[in-house]
Amino acid sequence: MNDELFTEMYHLMRSMNDRLIHVESDMTEFKQEMTEFKQEMTGFKQEITKDVVELKQEITDLKQDMNNLHQKVTDLELMIENDVKRDIHILAENHMNIIDRVNAAIPLLDKQNLHDIQIRYVINKVDQLERDVKLLQSA
């Protein structure tokens, strides 16, 4: 009976030993997988860090571009306020002066046109009288 008990204990111990070897093998695989996972996570973390740095740089560039654009718009507004409005005001004043001069010249032009018509009428009358005098002299 002792032999049987020893044999059974031997088989149980051997079975436990086999299971322990299997567990150790599984743990080794698990450790390798965890090591690979850590390496992948490290690579992923490095990629994310690189992407975040790139995004921060792009955001910084965009902010700089926006500041430049804002400065250009401000400069343009100042130029419009200081130069263009002043030039338009000067042109408008000169335009009014020109309109006043044209309005003043219109009556003179109207009088000149009236005088031209009267002179043509007188020339026509003189021509008619000369013809009439020639007819009377030849008769």
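Trainee: Of the 139 residues of the protein, what share counts as buried?

Mentor: In this predicted model, 0% of the 139 residues count as buried. A residue needs under 20% relative accessible area to earn that label.

Trainee: Which helices and strands should I look for in the protein?

Mentor: You will find one helix and zero strands. Helix H1 covers residues 2–138.

Trainee: Is the protein spread out or compact?

Mentor: A good way in is to set the radius of gyration beside the value from the globule rule. Here the radius is 56 Å, well over the 14 Å that the rule gives for 139 residues, so the protein is more spread out than a compact globule. The C-alpha trace tells you its extent too, spanning about 185 × 40 × 15 Å along the principal axes.

Trainee: How far apart in space are Asn-94 and Phe-30?

Mentor: Their C-alpha atoms lie 92 Å apart, with the two positions 64 residues apart in sequence numbering. Asn-94 sits in helix H1 and is partly exposed, at 38% relative accessible area.

Trainee: Which residues form a nonpolar patch on the surface?

Mentor: Patch members have over 30% relative accessible area. Among them here are Leu-20, Phe-30, Phe-44 and Val-52, and the patch has about 890 Å² of accessible area together. Val-52 belongs to helix H1; this residue counts as partly exposed because its relative accessibility is 37%.

Trainee: And what supplies the area that the protein exposes?

Mentor: Carbon and sulfur atoms supply 62% of the roughly stated total, about 13500 Å².

How values were computed
Residues are numbered from 1 along each chain as its sequence is written. This is a predicted model: local features need pLDDT of at least 70, side-chain atom pairs count only at pLDDT 80 or more; totals for chains, interfaces and linings use all residues. Side-chain values use heavy atoms; hydrogens and water are left out. Helices (H or I, at least four residues) and strands (E, at least two) are DSSP runs, numbered from the N terminus. Buried means under 20% relative accessible area, exposed over 50%, partly exposed in between (1.4 Å probe, protein chains only). Patches are made of residues with over 30% relative accessible area and no salt bridge: like charges are joined within 9 Å, nonpolar side chains (Val, Leu, Ile, Met, Phe, Trp, Tyr) within 5 Å. Accessible areas come from the Shrake-Rupley method with a 1.4 Å probe; for residues, only the protein chains shown count as cover. A salt bridge is a side-chain nitrogen of Lys or Arg within 4 Å of a carboxyl oxygen of Asp or Glu. The radius of gyration is taken over C-alpha atoms; the globule rule is 2.2 Å times the number of residues to the power 0.38.
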